[in-house]
Amino acid sequence: NLGNSITKNLIFSVPFFEGGGTNLNDVASKGIGSFSGITASSWTQNILGRGVTFNGSNGYANFGNNAIFNNLTSLSISVILNFVSAAGNDRTIFSKNSNDTTCTFWLRLQGSASAGAPRFVIASTGLVSSQSLVSGNMYHIVVTYDMTTMRLYINGVQTDTQANTSTPSVVATAAVIGGKQGGAGDYYNSDIYSVNLWNRTLSPQ
């Protein structure tokens, strides 16, 4: 059953269906993310559905320090987004980290170095994509980790792998869409339409 396969071990799911307001609903764990730096005019919509335009300066959604992110034995993250530019600072998509090397997970786009390349960090080990995103395009990015290998997929194609046997760090900072370290910086600067996290490794199919 495709529906059961998709929802199995889905612990965090934000489809941006609200279309307005200052909160986002996590429909998997029933959590609520509160906006900072996001206003009613930040909401957007296209053929993919509703989303939020993050302003790149102080906008993010804070989902708190939820225990669902602790003790992950494997994980997969899927995001749908629009890419504009990663010049300057890194641009965080989804994170739960207390600093640059203590991460439950941290998915971002590289800034001045390898600008526009997705970077995925577990604990202190990072995987940087060999492929940079192109401005003005929509992307589906998936990253997975099975306690031995980190994998990155862009629009359904595996682009990179990285060996890693680290346990995801357990940190007290909040899980955040659009910023790092509980909302401390590296803010995303375009549209995000979907963020999902599974406590398992998705297959390429």
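The following exercises, each with a worked solution, concern a predicted model of a protein chain.

**Exercise 1. Confidence**

Determine where in the chain confidence is lowest and where it is highest.

*Solution.* Begin with the chain as a whole: its mean pLDDT is 92, and 97% of its residues reach 70 or more. Next, turn to the individual elements. Helix 1 (residues 2-7) has the lowest confidence, with a mean of 66, and strand 13 has the highest, at 98.

**Exercise 2. The open sheet**

State in what order the 8 strands of the open sheet are arranged, and identify which strands stand at the edges.

*Solution.* Step one is the strand order, which reads 2-3-6-15-8-9-10-11, with antiparallel pairing. Step two concerns the edges: strand 2 and strand 11 (125-128) each have a single partner strand, so one side of each lacks a neighbour in the sheet. Step three examines one pair inside this order. Strand 8 and strand 9 run antiparallel and are joined by 7 bridges. Within this pair, Asn-99 stands opposite Thr-102 in strand 9.

**Exercise 3. The nonpolar core**

Identify which residues have the most contacts inside the largest nonpolar core, and which strand gives the largest share of it.

*Solution.* The largest nonpolar core has 43 residues, and those with the most contacts inside it are Phe-12, Phe-16, Ile-77, Phe-94, Phe-120 and Ile-177. The elements that give two or more residues to this core are strands 1, 7, 8, 9, 10, 12, 13 and 16. The largest share, 5 residues, comes from strand 7. In general, nonpolar side chains of soluble globular proteins tend to be buried together.

Take Ile-77 as an individual case. Beyond its neighbours within four places in sequence, Ile-77 is in contact with Phe-94, Phe-105, Leu-107, Phe-120, Ile-141, Val-142, Val-143, Asn-196 and Leu-197.

**Exercise 4. Positive phi angles**

Determine where Phe-16 and Asp-186 lie, and whether each is buried or exposed.

*Solution.* The general expectation comes first: most residues other than glycine have a negative phi. Phe-16 has a positive phi near 60°. Phe-16 lies in the loop between strand 1 (10-14) and strand 2 (23-25). Its relative accessibility is 0%, so Phe-16 counts as buried.

Asp-186 also takes a positive phi, near 50°. This residue is placed in the loop between strand 15 (176-177) and strand 16 (191-198). With a relative accessible area of 15%, Asp-186 is under the 20% limit and is therefore buried.

A further case is found in a hairpin. Strand 13 and strand 14 (residues 157-163) run antiparallel and are joined by 6 bridges. There are 2 residues between the strands, and Asn-155 takes a positive phi near 50° in this hairpin. The bridge partner of Ile-154 in strand 14 is Val-157.

**Exercise 5. Salt bridges**

Establish how many salt bridges the whole structure contains, and which residues are linked in a network.

*Solution.* A search of the whole structure finds 4 salt bridges. Among them, Lys-180 pairs with Asp-100, and the closest N and O atoms are 3.7 Å apart. Lys-180 lies in the loop between strand 15 and strand 16, whereas Asp-100 lies in the loop between strand 8 and strand 9, so this pair ties together parts 80 residues apart in sequence.

Lys-180 also meets the side chain of Asp-186 in a salt bridge, at 3.5 Å from N to O. Asp-100, Lys-180 and Asp-186 are thus linked in a network of salt bridges. As to burial, Lys-180 counts as buried at 14% relative accessibility, and Asp-186 as buried at 15%. Asp-100 is partly exposed, with a relative accessible area of 42%.

Another salt bridge joins Asp-146 to Arg-151, with the closest N and O atoms 3.5 Å apart. Asp-146 counts as partly exposed at 28% relative accessibility, and Arg-151 as partly exposed at 24%.

**Exercise 6. The surroundings of Thr-92**

Determine where Thr-92 is placed, and which side chain it meets in a polar contact of 3.1 Å.

*Solution.* Thr-92 belongs to strand 8. Its relative accessible area is 0%, so Thr-92 is buried. The side chains of Thr-92 and Trp-106 are joined by the polar contact of 3.1 Å. Not counting residues up to four places away in sequence, Thr-92 touches residues including Trp-106, Lys-180 and Asp-186. The latter two, Lys-180 and Asp-186, are members of the salt-bridge network.

How values were computed
Residues numbered from 1 in each chain as written. Heavy atoms only, no water. Helix = DSSP H or I, 4+ residues; strand = E, 2+ residues; numbered from the N terminus. Buried < 20%, exposed > 50% of the residue type's maximum accessible area, 1.4 Å probe, protein only. Core = buried A, V, L, I, M, F, W, Y, C linked by side-chain atoms within 4.5 Å. Contact = heavy atoms within 4.5 Å. pLDDT = per-residue confidence, 0-100. Pairing = 2+ DSSP bridges. Polar contact = N/O pair within 3.5 Å; in protein donor to acceptor, adjacent residues only side chain to side chain.
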